[in-house]
Amino acid sequence: MNDDFYLLEERTGATRSETEKCKSGDPTMFEAFWREMGDRSTIAIPGWQTMSYFSDVGNVCWFLEPEFAEEVHKLHKFVGNAETKGRHVVVGNGSTQLFQAALYALSPPDASEPMSVVSAVPYYSSYALITDFLKSGLYKWRGDAYTFKSDTPYIEMVTSPNNPDGFIRQSVINKEGGKTVHDLAYYWPQYTPITEPADYDVMLFTVSKSTGHAGIRIGWALVKDSEVARKMAKFIELNTIGVSKDSQLRVAKILRTVREGHEIGMDKFFDYGRRLMSERWDKLREVVKSNAIFSLPEFPSEHCKFFGDMCTSHPAFAWLKCEGEIEDCEALLKSHKILTRGGKHFGEDPKYVRISMLDRHEVFALFIERLSAMN
């Protein structure tokens with residue numbers, strides 16, 4: 001899912017509004033690649049097209065554009081990161097809306113108490129905020145899945161690779177009455193080895209992290225159960241009366257451009273992404289290695305079925321820890337004009353911070369420069 005990330009203060013020409021905007025999690029690292037694509041990823045939509053509310057009236061998700069759904073199936077099959085056979089595709093305005101739709105669909109409407117929503121620490125910081133924002137009587141945030149002791153029904157959010165620490169995750173609770181939603185926003189080969197197709201009941205993806213197009217506001221869910229898919233679509237219908245057709249058609253073209261680029265052996269998006277992520281992680285690890293103040297998690301090397309080689313993870317976020325007597329890592333970095341999101345937002349110790357690896361080159365370079373200057 002989308003979320004906020006680090007910001008370097010006093011960036012050349014940056015205004016306060018721009019610095020606040022930077023905390024929204026823009027994956028602008030990929031902008032250079034798409035500039036090179038030019039017209040290959042461009043579509044033209046006539047004024048008369050996409051005027052109706054309806055896309056496919058016979059589909060459980062009646063506002064789902066068939067062209068978009070087709071490209072979702074094709075890309076997942078090509079990458080090998082998710083099983084789509086026998087799944088319903090539910091499109092949403094980003095995976096954030098799909099998360100809300102999943103909570104609605106999985107929570108019994110007549111339960112005596114709200115469904116508990118949990119996730120293992122460190123968890124994605126916005127889960128708690130989104131879950132309790134509407135103060136729904138259907139569900140309520142209950143925090144860390146590791147410490148969840150209740151015998152009441154629950155929904156466990158499993159983010160894999162995890163945001164913020166980048167590790168592959170499995171569910172940690174296996175009790176009767178429990179349901180699981182897998183947030184797989186980062187399960188793409190530029191971030192982590194693709195070891196097998198994900199095969200779960202409800203799986204969430206987003207174009208913002210798969211291709212970098214956060215501003216299009218499109219996510220999709222792969223849902224096994226027809227009734228759950230129908231309820232998710234109903235939530236989106238009542239919430240926003242569907243999802244922009246224009247955005248779906250644009251994403252369809254983008255996903256097709258990614259797939260065809262690899263198939264014809266040129267302009268390979270995932271190769272570009274993995275190379276850039278690897279370079280950035282190498283630079284960050286070099287700085288951290290030479291400075292006793294910080295540490296980073298280590299990831300195992302695994303065989304990636306997509307690339308056909310052994311590789312390690314290069315997550316979208318760095319889970320940086322301040323060592324020794326430093327108790328507030330966020331405050332320390334802020335004093336050096338590096339804004340981060342502290343561990344407390346993720347249910348973790350404030351000795352940790354999360355740092356984005358996805359900003360534009362000049363911002364990332366400035367971050368490395370400032371971090372290198374710390375002693």
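Helices (H or I, at least four residues) and strands (E, at least two) are DSSP runs, numbered from the N terminus. The model is predicted: local features need pLDDT of at least 70, side-chain atom pairs count only at pLDDT 80 or more, and totals for chains, interfaces and linings use all residues. Residues are numbered from 1 along each chain as its sequence is written, and side-chain values use heavy atoms, with hydrogens and water left out.

**Exercise 1. Confidence**

Task: State the mean pLDDT of the protein chain, and describe the stretch over residues 2–24.

Solution. pLDDT is the predictor's confidence in each residue, from 0 to 100. Its mean for the protein chain is 93. Of the residues, 93% reach 70 or more. Over residues 2–24 the pLDDT is below 50. Beyond near neighbours in sequence, this stretch still has 64 contacts in the model. Contact means heavy atoms within 4.5 Å.

**Exercise 2. Cysteine 304**

Task: Find the element that holds cysteine 304, decide whether the residue is buried or exposed, and list its contacts.

Solution. Start with the element: cysteine 304 is in strand 10, residues 302–304. Next, apply the accessibility classes: buried means under 20% relative accessible area, exposed over 50%, partly exposed in between (1.4 Å probe, protein chains only). Cysteine 304 has a relative accessible area of 0%, so it is buried. Now set aside neighbours within four places in sequence: the contacts of cysteine 304 are Pro193, Ile194, Asp309 and Cys311. Last, a distance: the C-alpha atoms of cysteine 304 and isoleucine 130 are 33 Å apart, with their positions 174 residues apart along the chain.

**Exercise 3. Cysteine 61**

Task: Place cysteine 61 in the fold and give its separation from lysine 234.

Solution. Cysteine 61 sits in the loop between helix 2 and helix 3 (66–79). Its relative accessibility is 1%, so it counts as buried. Along the chain, cysteine 61 and lysine 234 are 173 residues apart. In space, their C-alpha atoms are separated by 8.2 Å. Neighbours within four places aside, cysteine 61 is in contact with Asp56, Val89, Val90, Val91 and Ala233.

**Exercise 4. Helix 8**

Task: Check the span of helix 8 against its residue count, then examine its ends.

Solution. The expected span of a helix is 1.5 Å times one less than its number of residues. Helix 8 (residues 245–263) has 19 residues, so it should span 27 Å. Its end C-alpha atoms are 27 Å apart, which agrees. Of the 19 residues, 14 are buried, so helix 8 is largely enclosed by the rest of the structure. At the N-terminal end, serine 244 acts as the cap: a side-chain oxygen lies 3.3 Å from the backbone nitrogen of aspartate 246. Just after the helix, glycine 265 takes a positive phi of about 80°.

**Exercise 5. Backbone exceptions**

Task: Locate the cis peptide bonds before proline 122 and proline 161, and the positive phi values of threonine 50 and isoleucine 241.

Solution. Most residues other than glycine have a negative phi, and most peptide bonds are trans. The bond from valine 121 to proline 122 is cis, with omega near -5°. Proline 122 is in the loop between strand 3 (115–119) and helix 5 (126–133). The bond from serine 160 to proline 161 is also cis, with omega near -5°. Proline 161 belongs to the loop between strand 5 and strand 6.

Turn to phi. Threonine 50 is not a glycine, yet its phi is positive, about 60°. Threonine 50 lies in the loop between helix 2 and helix 3. At 24% relative accessibility, it counts as partly exposed. Isoleucine 241 has a phi near 50°. It is found in the loop between helix 7 (226–240) and helix 8. At 49% relative accessibility, isoleucine 241 is partly exposed.

**Exercise 6. Empty space**

Task: Give the volume of the largest pocket and of the largest cavity, and name residues that line them.

Solution. On a 1 Å grid over the protein atoms alone, a cavity is a set of points where a 1.4 Å probe fits but cannot get out, and a pocket is an open set with protein on both sides within 12 Å along at least five of seven lines; lining residues have an atom within 4 Å of a point. Grid points are joined across faces, edges and corners, and a volume is the space filled by probe spheres set on the points.

The largest pocket holds about 330 Å³. Its lining has 18 residues, of which Glu31, Trp34, Gly212, His213 and Arg250 lie nearest its centre. Helix 2 (31–37) and helix 8 are the elements that give two or more residues to this lining. Helix 2 gives the most, with three residues.

There are two cavities of 30 Å³ or more. The largest cavity has about 70 Å³ of space. Among its lining residues are Pro161, Asn162, Tyr186 and Phe317. Asparagine 162 is buried, with a relative accessible area of 4%.

Note on methods:
Polar contact = N/O pair within 3.5 Å; in protein donor to acceptor, adjacent residues only side chain to side chain.
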